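Got your viewer open and a hand on the mouse? Let's take a walk through this model, one selection at a time.

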Amino acid sequence: MTSTPKASQVVTALHELSHEMALREKITTHTALVGVIGIGYVGLPLAVEKAKVGYRVVGFDRNAIRVAQVNQGSNYIRDVDDDELAKMVANERLTATTDFAGLANCDIIIICVPTPLTQNKDPDISYIRNVGGEIARRLRPGQLICLESTTYPGTTEEVLLPMFAQTGLKVGHDYFLAYSPERVDPGNKRYTTKNTNKVVGGVTATCLSVATSFYKQTILEVLALSSPKVAEMTKVFENTFRAVNIALVNEMALLCDRMGINIWEVIDAAATKPFGMMRFDPGPGVGGHCIPLDPFYLNWKARQYDFHTRFIELAGEINNSMPYFVRDKVARALNLKGLPLKGSRILMLGIAYKKDIPDWRESPALKVLELLAQAEAAVDYHDPFVPSFQDAHGRTRHSIPLTEKTLGQSDCVLITTDHSQTDWDFVVRHAPLVIDTRNATRAVRQPRDNVILL
Ligand SMILES: NC(=O)c1ccc[n+]([C@@H]2O[C@H](COP(=O)([O-])OP(=O)(O)OC[C@H]3O[C@@H](n4cnc5c(N)ncnc54)[C@H](O)[C@@H]3O)[C@@H](O)[C@H]2O)c1
């Protein structure tokens, strides 16, 4: 015999349904107030994308400088269009603040804070915990919370969910919680936030459906997955895939160097195969906020399951060895000219971790520079995207101009980043010796006896 629900149960169920319905309505009519916590490389483009379709967006950040810049409509992320940002700010669709009190008013909160490693290469999820606490203090019925930071499988349900559960609110009924990794590729003109497929995992079926409906408003293809864990694993797998394949091609480069084979010719040839092959290029190592860090999130989690991720360890070992190889390659080349590394003038071209972006976080060029400086070489650098940066000793270094004189005065020009705007013909023409770790000079046709490729 089925018992009839009590009146109070019916009222509760109707309330829960009304929270969900009200949120869905705000999502589809673009009247929801969206909060983005962390307005950096990921958060700012995302905030602009949401504002462009009509949502009112508030960026929350601890960095008062970034907050002030946004409020002035001043752009600091290259992937964001200056005019679009200025327009969104002028028409008050986008504002920013350091005051987290406003989280209470947001219908949707997206978390885009950093997920670095500790000194011991363990995940540092203190940023996620911190903002989780800020949200929990203000959580109210009818809110959707989405984590977008890259992290190990389990974070949403093992870290955020328990914090929110303490409020007494019920996930999937009162509020909604999901994980959807950001996949942005800084500097990529073809794939942007809008046309890069999005994957979403919800804590409950309703969380998934609400979150998916939200992302579909601004992203062309949204794939609903069975859980946050699957979405978290998808993201770390993608970045591990890159790290491992870059390591493989780097190992091939080391072997080719020993065998006197041109690795670039090998890669170009292999890339002509129309199936079963995907091109990855070797280089001075890996950098940025993702590839050097994210695989270690998975590695750490795997250890809790008594599982050793050997590919990740090996890839890390090979990729981390590349700056040492580059230093040795410079030393060998100088040696053939009768010059020791000590006292030689080396001009490094590129500090950014990859071309056409200003991001130098974890850049392998930093390590190369440090190793050369340790060997007492006199190192300068030029990078049109990085006018200055702090080296390993906290010393501020400034980019020097790329001129006939600076090239000619160096004993060796070391190409560490292949920015598109650099005139490589000019570099090869005026430098006495060029070590090219990116094959940036591939199009230089003039006599190039002074060029040594990785
Ligand atoms: N940069 C990328 O290419 C990329 C791509 C995909 C995913 N991700 C992931 O996205 C996340 C964010 O990366 P990012 O590159 O945008 O980092 P970022 O450093 O550019 O931006 C993070 C922002 O969060 C702010 N912040 C830090 N702690 C905060 C706090 N407690 N409260 C509010 N704001 C806080 C910082 O001031 C900064 O502005 C990371 O998990 C990263 O792995 C990055």
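Domain bounds here come from an automatic or database domain assignment. With those bounds, the shell around the ligand draws at least three residues from each of domain 1 (7–225) and domain 2 (241–453). Before you click further, know that this is a predicted model, where local features need pLDDT of at least 70, side-chain atom pairs count only at pLDDT 80 or more, and totals for chains, interfaces and linings use all residues. Residues are numbered from 1 along each chain as its sequence is written, and side-chain values use heavy atoms, with hydrogens and water left out.

**Stop 1: the whole chain**

Show everything as a cartoon. You should find 14 helices and 15 strands (helices are DSSP runs of H or I with at least four residues, strands are runs of E with at least two, and both are numbered from the N terminus). The chain's radius of gyration is 25 Å, close to the 22 Å from the globule rule for 454 residues, so the chain is as compact as a globular protein of that length. (That radius is taken over C-alpha atoms, and the rule is 2.2 Å times the number of residues to the power 0.38.) Along its principal axes, the C-alpha trace spans about 95 × 50 × 45 Å.

Half-hidden, half not: buried residues make up 50% of the 454 in the chain. Buried means under 20% relative accessible area, exposed means over 50%, and partly exposed is in between (1.4 Å probe, protein chains only).

**Stop 2: the ligand**

Now select the ligand and the residues near it, meaning those with a heavy atom within 4 Å. Which of the 27 residues around the ligand come nearest? They are Val-42, Asp-61, Arg-66, Thr-115 and Thr-150. By type, the shell divides into 13 nonpolar, eight polar and six charged residues. (Ala, Val, Leu, Ile, Met, Phe, Trp, Tyr, Cys and Pro count as nonpolar, Asp, Glu, Lys and Arg as charged, and the others, Gly among them, as polar.) Color helix 5 (residues 126–136) too: helix 5 gives the most to this shell, with three residues.

Zoom in on the oxygen atoms of the ligand. A polar side-chain atom of Asp-61 lies 2.6 Å from one ligand oxygen. A backbone N or O atom of Tyr-41 lies 3.0 Å from an oxygen of the ligand, and a polar backbone atom of Val-113 is 3.5 Å from a ligand oxygen. The protein covers 94% of the 820 Å² of accessible area that the ligand has on its own (areas come from the Shrake-Rupley method with a 1.4 Å probe).

**Stop 3: helix 2**

Select residues 43–52. Is helix 2 mostly covered or mostly open? Nine of its ten residues are buried, so to speak "mostly covered" fits. Among the buried ones are Gly-43, Leu-46 and Lys-50. Just after helix 2, Gly-54 takes a positive phi of about 120°.

**Stop 4: two loops**

Go to Gln-166, in the loop between helix 6 (155–165) and strand 6 (176–179). Gln-166 counts as exposed because its relative accessibility is 73%. Its C-alpha atom is 8.1 Å from that of Ala-136, 30 residues away along the chain.

Next, pick Thr-196, in the loop between strand 6 and strand 7 (198–202). Thr-196 counts as buried, at 17% relative accessibility. A polar atom of the Thr-196 side chain lies 2.6 Å from the backbone oxygen of Thr-192.

**Last stop: strand 15**

Finish at Ile-452, which lies in strand 15 (residues 451–453). Ile-452 is partly exposed, with a relative accessible area of 28%.

How values were computed: Polar contact = N/O pair within 3.5 Å; in protein donor to acceptor, adjacent residues only side chain to side chain.
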